[in-house]
Amino acid sequence: MTPFDYLSVLNSIVLGLGLTQLLSGFASMMRSRRRVRMYWPVPVQMAAIFLITVQLWWALFSLQYERHWNFAQFLVVLMQPVSVYLCAALITPDFTGNETIDLREAYFSESRWFFASILFVVAASVA
């Protein structure tokens, strides 16, 4: 087992949690469609974060040729999946309860944190 094999497990778990968040949120949105007021940017951004997550997982595969790892390098690499997970968690509305869900209201209530996490993705990518 190479160091990349060992370290990529945690990255894959975090990215998998992000995909789970997006897919379960989308399924909840479809199941609760009668009590959801749709706002088109939410599903569009959920789809974009889905593609970003898959692309990040694919891009991290190129690190397999890196033979020498230290904690700081790994922490910088781990920040990308963590920040993408935060994007997924913040764009997915909460479907607990029986009240009507206004996706526009949910979007704007989390928009600052969502866009801050996108900026963090970019910063982690540059690092």
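Student: Which residues in H2 does H1 meet in this predicted model?

Tutor: The contact draws on residues spread along H1, including Phe4, Leu15, Leu22 and Met29. Asn11, Ser12 and Gly25 are also among the H1 residues that take part. Their partners in H2 are Met46, Ile49, Phe50, Thr53, Val54, Leu56, Trp57 and Leu60.

Student: How many residues of the contact of H1 with H2 are nonpolar, polar and charged?

Tutor: Gly counts as polar in this classification, so Gly25 of H1 falls in the polar class. By class, the contact has 14 nonpolar, 4 polar and no charged residues.

Student: What is the relative direction of H1 and H2?

Tutor: The axes of H1, residues 3–31, and H2, residues 41–60, come within 10 Å and cross at roughly 165°. Angles over 145 degrees count as roughly antiparallel. H1 is therefore, relative to H2, roughly antiparallel.

Student: Is the crossing of H1 and H2 left-handed or right-handed?

Tutor: The crossing in question is that of two helices whose axes meet at roughly 165°. Its hand is left-handed.

Student: Which element gives the most residues to the lining of the largest pocket?

Tutor: The largest pocket has a volume of about 160 Å³. Residues that line the pocket include Phe4, Asn11, Trp57, Leu60, Trp69 and Phe74. H1, H2 and helix H3 (71–91) each give two or more residues to this lining. With 5 residues, the element that gives the most is H1.

Student: How do the residues of that lining divide by class?

Tutor: Ser8, Asn11 and Ser12 are among the lining residues, and Ser and Asn count as polar. The lining as a whole divides into 9 nonpolar, 3 polar and no charged residues.

Terms used:
Residues numbered from 1 in each chain as written. Predicted model: local features only at pLDDT ≥ 70, side-chain atom pairs only at ≥ 80, totals over all residues. Heavy atoms only, no water. Axes fitted to C-alpha atoms, helices over the stretch in contact; angles between N-to-C directions. Helix = DSSP H or I, 4+ residues; strand = E, 2+ residues; numbered from the N terminus. Parallel < 35°, antiparallel > 145°, perpendicular 65-115°, else oblique. Left-handed = near helix turned anticlockwise from the far one by under 90°. Contact = heavy atoms within 4.5 Å. 1 Å grid on protein atoms, 1.4 Å probe; cavity = no way out; pocket = protein on both sides within 12 Å on 5 of 7 lines; lining within 4 Å. Points joined across faces, edges and corners; volume = space filled by probe spheres on them.
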